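Work through these exercises with the model at hand. Try each task before reading its solution.

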Amino acid sequence: YLGPQEPSFEGGQLRLYAIGAQSPRWVDLEPTRNSFLAFPSWAPHEVLPVRCGFSELGRQRLSINCWFHDAG
């Protein structure tokens with residue numbers, strides 16, 4: 001999550017679901033300014049809705065994602 005200031009949005013938590021659980025279980029991770037999070041792309045996940053009243057780029061929720069693949 002990128003940002004030079006405290007976020008001016010609400011929501012946007014990353015929800016990671018338990019793998020192989022009998023019932024739906026998950027953990028919600030709050031977006032933390034200037035943090036890095038890595039997890040396997042095949043793990044069940046979603047980003048919860050974001051509410052932001054600003055159109056200025058620096059005040060919105062910004063993130064970068066990329067995938068690494070070993071052709072092995």
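**Exercise 1: An aromatic pair**

At 44% relative accessibility, Trp-26 counts as partly exposed, because buried means under 20% relative accessible area, exposed over 50%, and partly exposed in between (1.4 Å probe, protein chains only). This is a predicted model, in which local features need pLDDT of at least 70 and side-chain atom pairs count only at pLDDT 80 or more, while totals for chains, interfaces and linings use all residues. Residues are numbered from 1 along each chain as its sequence is written, and side-chain values use heavy atoms, with hydrogens and water left out.

Task: Find which residue forms an aromatic pair with Trp-26, and give the geometry.

Solution.
- Step 1. Apply the rule: rings of Phe, Tyr and Trp (its six-membered ring) pair if their centres lie within 6.5 Å. Planes under 30 degrees apart count as stacked, over 60 as edge-to-face and the rest as tilted.
- Step 2. Count the pairs: the structure holds one.
- Step 3. Name the partner: Tyr-17 pairs with Trp-26, at 6.0 Å centre to centre. The planes stand 65° apart, so the pair is edge-to-face.
- Step 4. Check the partner's accessibility: Tyr-17 has 26% and is partly exposed.

**Exercise 2: The strands and their sheet**

Task: List the secondary structure, then work out the strand order of the open sheet.

Solution.
- Step 1. Count the elements: there are zero helices and five strands. Helices (H or I, at least four residues) and strands (E, at least two) are DSSP runs, numbered from the N terminus.
- Step 2. Read along the sequence: the pattern is β-β-β-β-β.
- Step 3. Order the sheet: three strands form it as 3-2-4, with antiparallel pairing. Two strands pair if DSSP finds at least two bridges between them.
- Step 4. Find the edges: strand 3 (26-29) and strand 4 (45-47) each have a single partner strand, so one side of each is left without a neighbour in the sheet.
- Step 5. Add the twist: neighbouring strands are turned by 20° against each other on average, direction ignored. Here axes are lines fitted to C-alpha atoms, for helices over the stretch in contact, and angles run from 0 to 180 degrees between N-to-C directions.

**Exercise 3: Bridges of strand 2**

Task: Trace how strand 2 is joined to strand 3 and to strand 4.

Solution.
- Step 1. Strand 2 and strand 3 pair over four bridges, in the antiparallel sense.
- Step 2. Strand 2 (residues 14-17) is joined to strand 4 by three bridges, again antiparallel.
- Step 3. Look at Leu-16: Val-27 stands opposite in strand 3, and His-45 is the bridge partner in strand 4.
- Step 4. Look at Arg-15: the bridge partner in strand 4 is Glu-46.

**Exercise 4: Around Arg-15**

Task: Is Arg-15 buried or exposed, and what does its side chain make a polar contact with?

Solution.
- Step 1. Place the residue: Arg-15 lies in strand 2.
- Step 2. Read the area: Arg-15 is buried, at 16% relative accessible area.
- Step 3. Find the polar contact: the side chains of Arg-15 and Asp-28 meet at 2.7 Å. Such a contact is a pair of N or O atoms within 3.5 Å; within protein, one must be able to donate a hydrogen and the other to accept it, and residues adjacent in sequence count only if both atoms are side-chain atoms.
- Step 4. List contacts (heavy atoms within 4.5 Å). Leaving aside neighbours within four places in sequence, Arg-15 touches residues including Trp-26, Val-27, Pro-44 and Leu-48.
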